[in-house]
There are 2 protein chains.
Amino acid sequence: MPSPLTVNAERLWQQLEELAQITDPDAPWTRRAFTQRYLEGRAWLRERMHEAGMTTRLDDAGNLIGTLPGSEPALAPLATGSHIDTVPSGGRYDGVLGVLAGLEAVRSLQEAGIRLRHSLEVIDFLSEEPSEYGVSCIGSRAMVGKLSPAMLDFEEPGGERLFDAIRRMGGVPEALSQPLRQPGALAAFIELHIEQGRVLESRQLPIGVVSDIVGIHRYDIVVSGQADHAGTTPMELRRDALAEASGLIKTVQQEARRQAEGSAYLVATVGRLTVSPNASNAIPERVEMVLEVRSNDAALLEGFFPPLLDAAQRQAEDTGVSIAATSLSEGLPTQCADEVQAQIAAAADSLGLSALTMPSGAGHDAVYMAMLAPTGMLFVPCLDGRSHCPQESITRQQAADGCHVLAETLRRLDRG
Amino acid sequence: MPSPLTVNAERLWQQLEELAQITDPDAPWTRRAFTQRYLEGRAWLRERMHEAGMTTRLDDAGNLIGTLPGSEPALAPLATGSHIDTVPSGGRYDGVLGVLAGLEAVRSLQEAGIRLRHSLEVIDFLSEEPSEYGVSCIGSRAMVGKLSPAMLDFEEPGGERLFDAIRRMGGVPEALSQPLRQPGALAAFIELHIEQGRVLESRQLPIGVVSDIVGIHRYDIVVSGQADHAGTTPMELRRDALAEASGLIKTVQQEARRQAEGSAYLVATVGRLTVSPNASNAIPERVEMVLEVRSNDAALLEGFFPPLLDAAQRQAEDTGVSIAATSLSEGLPTQCADEVQAQIAAAADSLGLSALTMPSGAGHDAVYMAMLAPTGMLFVPCLDGRSHCPQESITRQQAADGCHVLAETLRRLDRG
């Protein structure tokens, strides 16, 4: 086993800072996909890729791909990457770290005079964050043929179709009815990302090896009662939608806590809720809310809400309130490849960095890449678990540790 | 005992229809206090009062008062009335019925050749409904000296002070630092109103004799947690403001149901609730809600929320969530005068109309009039208990029954 690669922590940090400056000035840190600002960011990134000795291209989905040629051109390339778009007033590291750490890994390999057998791609996926077109992970979906014609027809509020927006980004939307790449087209894919949670931080661990990425089931729930006068309607004549909704929210929380005590990961959240008419002297007539259930266990995920809904509906009947639920999405969990997990763990170990095997509670481009290639992810902690906000923060050391493990893992996968 | 007075059901109904036509045409039935439309309604009403043989005046609070002189001028007048302003897109009967039934009672007395000993006032109180100035029952409050200088300084969103708005309505706001009338200035006050609830309708009763008017305690409750990522934050690391708020709402409902089983009236409602950041993938950081507790029993009213808040705060501490409550208002119950209740009940009985003694769950101008004079209220049912909406509905017979009992009660109070 050769001695570990060195990565340049200072250079990586410098690049993170530089790209962060390409932001809407009045709302740092904002670099929304499909905007001029985003194109500026990509132009900057493309130059950096060239400086690192890579060739670059845009694929038909509008993904920016830098390639460092390997010594055995017949081998399918290794790939790493993430995304440089942000949510509005988002952070400097979500997505960006995965792309720039890939770039730094390439530079470190070059400087160490190491030539990989496999070509190495660093991919900046188009628009991973929820976009104004109502769909996320646009580039990675499209790469595997999962961006449907219906999605291509989605319009942002100004009326532009996603189809046309992708063309504007340099993609070829006509080509997206087929997968751009077939399974086996990549030797492996690995994505470094900030955790966006507090698990690593609370255990003071520098590296997370992702075991699987949760599936997400999302439900729109409408609770319907009657908007009577809050003063003149005795308790026994009420059909209070909010009181029933509250019972359901409390049950969801208790049941999720109970089920989360097992070995699988499960979280359930009502994050969005609106009340009508929402007046202090009117009994709530209607509550609309979104329930999100996430788990890395498909059976747990699919089995969580239906029995709770059923029980709530039966109970609500007694009070003249009705509860209806519509499924908004039904994504299944994604298993990370065992061999990639093992290599990440070994790489961390070789660098003396403690690692925790853990699920990813957030979705990532890796979900789609797992349809193409053995895929893995690694996490670094972020301050107080915060992301998607200007306060999102990591240290130079955390960034460097993640980059170091990423580079080392790529070298190991190359040999493997 | 003379034979009962006859009221003209057709004429009363006609007048209700006529006044309803004075509405903002695009949002029936809207006649907001302080608008041109409202002044049109009052001009119409003043003419009707003159036709009925009354003199009219505006008092310094902007209340429109029609007076039918009695045969014994030394006696303090009897008074009845309510209000002709509406909520936006309100109903045709809330308030209006009480004023026009008073007018019809005067006409019936006149046509029957009956002259009361007491003068009889029909009062249209200024702006009973919640106004853009942030205060309700403006005219009745001011009559008893309860419209404070601070309230007179309240501004509507356009920047006009209530002080100036009252002047615009013909009042003399400078005079409102003192009560306009002292206790004893009226022999009695009686207000007819639609029930705005479903109690009478569900029991198929035409008349409610109001025993007391609930006091209202209103609390602004803020539940503060942390807005973590809904996917990456395990259940045990969460500080979910909505889950805690839901527990409190459910407890409030259960406890109100339990306490409402006693002899006193008690209702508790969370009608207004907002969640921040209100995104499906974010754990709720903050819930702000308004709790309204109403009861005709002062001890029950004051004792309801504090222990629930205390228990909720202690429980929330365990989950790192905080709950803070601020009192928004602390109105006490108003007892209706026994002799007025007795006369309403006797009047209904003499007309063969079954009556239920019941509390009023809504506030009314009568709350303030009770500070001046022995005061009573009577209710008629309204369709499905609905009010403050265009669908608010009563039948011609229900209106006539209420008017008939009102007129008969006034005649009895005049003799008593």
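Four elements of chain A, namely β7 (215-224), β9 (286-295), β10 (322-330) and α11 (366-369), each give at least two residues to the lining of the largest pocket in this predicted model. Altogether 40 residues line that pocket, and those nearest its centre are A:Ser136, A:Arg141, A:Ile216, A:Arg218 and A:Ser329.

Now to the second largest pocket, over in chain B. There, 37 residues make up the lining, with B:Ser136, B:Arg141, B:Ile216, B:Arg218 and B:Tyr368 closest to the centre. The elements of chain B that supply two or more lining residues are β7 (215-224), β9 (286-295), β10 (322-330) and α11 (366-369).

Here are the two pockets by volume and by the make-up of their linings:

| Pocket | Volume | Nonpolar residues | Polar residues | Charged residues |
|---|---|---|---|---|
| Largest pocket | About 1,100 Å³ | 15 nonpolar | 16 polar | nine charged |
| Second largest pocket | About 940 Å³ | 14 nonpolar | 15 polar | eight charged |

So much for the pockets; what about the two chains themselves? Chain B can be laid on chain A by a rotation of 180° with 0.1 Å of shift along the axis, and the RMSD is then 0.1 Å. The two copies are therefore related as by a two-fold rotation axis. If you want to find that axis in the viewer, look for B:Ser246: within chain B, its C-alpha is the one nearest the axis, at 2.2 Å. Both copies also use the same surface for their contact, as 100% of the contact residues of chain B turn up again in chain A.

Note on methods: Residues are numbered from 1 along each chain as its sequence is written. Chains are lettered from A and ligands numbered from 1 in the order in which they are written. This is a predicted model: local features need pLDDT of at least 70, side-chain atom pairs count only at pLDDT 80 or more; totals for chains, interfaces and linings use all residues. Side-chain values use heavy atoms; hydrogens and water are left out. On a 1 Å grid over the protein atoms alone, a cavity is a set of points where a 1.4 Å probe fits but cannot get out, and a pocket is an open set with protein on both sides within 12 Å along at least five of seven lines; lining residues have an atom within 4 Å of a point. Grid points are joined across faces, edges and corners, and a volume is the space filled by probe spheres set on the points. Ala, Val, Leu, Ile, Met, Phe, Trp, Tyr, Cys and Pro count as nonpolar, Asp, Glu, Lys and Arg as charged, and the others, Gly among them, as polar. Copies are superposed by least squares on the C-alpha atoms of residues with pLDDT of at least 70 in both. Contact means heavy atoms within 4.5 Å.
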